[in-house]
Amino acid sequence: MNLTISLAPLLALIAGILVLLVPKLLNYIVALYLIIIGVMGLLGIGSIHLR
């Protein structure tokens with residue numbers, strides 16, 4: 001059995017847990033998440049390419 005984990009949902013889960021534990025980090029977590037997702041989008045990481 002193979003288990004594959006996508007990066008974006010994993011980052012979202014970690015960010016959500018951190019926001020619950022330390023609410024003051026919300027601005028930084030959201031900013032980092034958006035930057036990471038933006039870079040992944042520009043590089044084509046995690047996207048599905050249909051032919």
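How much area does the protein expose, and what share of it do carbon and sulfur atoms supply? With the whole protein shown as a surface, the exposed area is about 4,800 Å², of which carbon and sulfur atoms supply 74%, as calculated by the Shrake-Rupley method with a 1.4 Å probe.

Keep in mind that this is a predicted model, in which local features need pLDDT of at least 70 and side-chain atom pairs count only at pLDDT 80 or more, while totals for chains, interfaces and linings use all residues. Residues are numbered from 1 along each chain as its sequence is written, and side-chain values use heavy atoms, with hydrogens and water left out.

Switch next to a cartoon view, where the protein has two helices and zero strands (DSSP runs, H or I of at least four residues for helices and E of at least two for strands, numbered from the N terminus).

Select residues 7-21 for H1 and residues 26-43 for H2, which pack at an angle of about 175° with their axes 10 Å apart (axes are lines fitted to C-alpha atoms, for helices over the stretch in contact, and angles run from 0 to 180 degrees between N-to-C directions). H1 is therefore roughly antiparallel to H2, a term for angles over 145 degrees.

Now show the side chains of the contact (heavy atoms within 4.5 Å), including Leu11 and Leu18 of H1 and Ile29 and Tyr33 of H2.

Finally, select glycine 44, just after H2, which takes a positive phi of about 80°.

Key: Parallel < 35°, antiparallel > 145°, perpendicular 65-115°, else oblique.
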